[in-house]
Structures are given as C-alpha cells and as structure tokens.
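Okay, can everyone see the screen? I'll walk you through this one in a few minutes, so keep the model open and rotate along with me.

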Amino acid sequence: MNKSSMDRRAFLRNSSAAALLFTVPTWVWSTGCGSGPEVVEKNETWEKDAAALEAKGTVLTKEEPGKWSEKVTPHIPAATFNEGANSVDVVVPHPMTTEHWISDVYIKNQDGIVIGYQKWEAKAYEGDEAKAAKATFTLPAGTTMIAMYSYCNLHDHWKVEGTKIG
Ligand SMILES: [Fe+2]
C-alpha cells in the first residue's frame, strides 16, 4: 500500500464522519410537520388551558353549532393578518359584559400547537372593548395556517379551522 492510497482512505473515512455530523442536525430539523427548521416551543400553560376547555365537550362551528344555531355569528372568530403576516388580529364580535362575555381566545398552528392565548375577565368593559373580544397574536416563523378558538361563558366553545396565512 503506497502513501497516496492511505491518504485517500483516511480522507474518505474523515469525510464520511464529517458528512454524518452535518446530516444529523438536518434530520432532526425535518422530523416536524412544519415548513422549515423553526421549532415552535409549546407553552405548557396555554396547552393545559386549551385542553381543559376542549375537554368540556364538542367544540362548535358555524356549520355544526349544536343547540346554539341562533347564536352563531357573535361567537365566530375572524382573522386579519397584519403587515408581513407576522401577527394576526383575532376578533370575536361578541358583547363583553359582566354577565356575558368571551373569556378565552386562542389560536393553534398547522401542527395543533397553541401559539397565542388571551383571557378576559368578567367586568364592565367600555367603548370598543365592550363590543368585541380582540386579541393580537405574534405568529412564529413557519406558521402556514391557524385555527381560532373562542369560549363564551354562556354559549360554549367555538372554532374556525384552516385559515391560511396571508
Ligand atoms: Fe355568548
């Protein structure tokens, strides 16, 4: 075995090891269902609060409002994406009073991870705050779609799924 074939073998062995080192992080990144290497870290409080509401019963929709078919419109969240789609305003056009109000609004990303959560207490709201529950959420990089949820103290839990970012 001459010197040059030794060098070639050593080179191949070393470059294989190097390729493995560079391959592993890429493989780790691509295990999620997201559209890029960004990893959205779960907020455990938001996940727990959303799961607790969802455990109360069926989450209603515009198409399947259950016993609240006369109450659909004020409970359906609507999205307005802000400049560059880095954030979204979610509005639920529901009166906000001490007796009847939207207590929770949250959104999930395309992987079902809660990426924004806002709560409201029972109190006498004034002005625009009394007319609707409005929350602004920052969208993590890699978000392609959101599902929006609202919870009314009298009329249960509602959702709108599959809203594309844009
Ligand atoms: Fe309501």
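Let me start with a bit of vocabulary: I call two strands paired when DSSP finds at least two bridges between them. Here's what a bridge looks like in this chain: Tyr 151 has His 157, in S7, as its bridge partner. And before we go further, a reminder that this is a predicted model.

First, the overall layout. The protein chain has 2 helices and 7 strands. If you read from the N terminus, the order is α-α-β-β-β-β-β-β-β. So how much of the protein chain is buried? Of its 166 residues, 22% are. For the contact-map people: take the contacts in the protein chain with a separation of 6 or more, and 63% of them come from residues 24 or more positions apart.

Now the sheets. In what order do the strands of the four-stranded sheet sit? It goes S4-S3-S6-S7, an open sheet with antiparallel pairing. S4 and S7 are the edge strands, each pairing on one side only. Neighbouring strands here are turned against each other by 15° on average, if you ignore direction.

Let's zoom in on the pairings of S6. On one hand, S3 and S6 are joined over 6 bridges, antiparallel. Two of the bridge partners to look at: Val 105 goes with Ser 150 in S6, and Tyr 106 goes with Tyr 149, also in S6. If you're stepping along residue by residue, keep in mind that in a regular strand the side chains alternate between the two faces of the sheet. On the other hand, S6 is joined to S7 by 7 bridges, again antiparallel. Those two strands make a hairpin, with 3 residues between them. S6 is also mostly covered, as 6 of its 8 residues are buried.

Swing the view round and you'll find a helix: H2, residues 44-54, lies across S3, S4, S6 and S7. The angle it makes with S4 is about 70°.

Then there's the other sheet. This one has 3 strands, in the order S1-S2-S5, and it's open and antiparallel too. Its edge strands are S1 and S5, which each pair on one side only. The twist from one strand to the next averages 20°. S1 and S2 pair over 4 bridges, in the antiparallel sense, and Ala 79 has Val 90 in S2 as its bridge partner.

Hold on to Val 90, since we're going inside now. The largest nonpolar core has 23 residues, and the ones touching the most other members are Val 90, Ile 102, Val 105, Ile 107 and Phe 137. Which elements give two or more residues to this core? That would be S2 (87-92), S3 (102-108), S4 (114-119), S5 (133-138) and S6 (145-152). S6 gives the most, with 5 residues.

I'd like to park on Ile 107 for a moment. You'll find it in strand S3. Is Ile 107 buried or exposed? It has 27 C-beta neighbours inside 10 Å, so it counts as buried; the cut-off for that is 20 or more. Leaving out residues up to four places away in sequence, Ile 107 touches Val 90, Ile 115, Gly 116, Phe 137, Ile 146, Ala 147 and Met 148. And one distance to try with your ruler tool: the C-alpha atoms of Ile 107 and Val 160 are 9.5 Å apart, with 53 residues separating the two along the chain.

Last stop, backbone torsions. Which residues should you click on? One is Ala 85, with a positive phi of about 55° even though it isn't a glycine. Ala 85 sits in the loop between S1 (78-81) and S2. It counts as partly exposed because 13 other C-beta atoms fall within 10 Å.

Another is Asp 156, also not a glycine, with a positive phi near 70°. This one is in a strand, namely S7, residues 156-164. Asp 156 is buried, because it has 20 other C-beta atoms within 10 Å, and buried starts at 20.

That's my tour. Questions?

Terms used:
Residues are numbered from 1 along each chain as its sequence is written. This is a predicted model: local features need pLDDT of at least 70, side-chain atom pairs count only at pLDDT 80 or more; totals for chains, interfaces and linings use all residues. A nonpolar core is a set of buried Ala, Val, Leu, Ile, Met, Phe, Trp, Tyr and Cys residues joined through C-beta atoms within 7 Å. A residue is buried if 20 or more other C-beta atoms lie within 10 Å of its own, exposed if 12 or fewer, and partly exposed in between; C-beta atoms are placed from the backbone. Two residues are in contact if their C-beta atoms, placed from the backbone, lie within 7 Å. Axes are lines fitted to C-alpha atoms, for helices over the stretch in contact, and angles run from 0 to 180 degrees between N-to-C directions.
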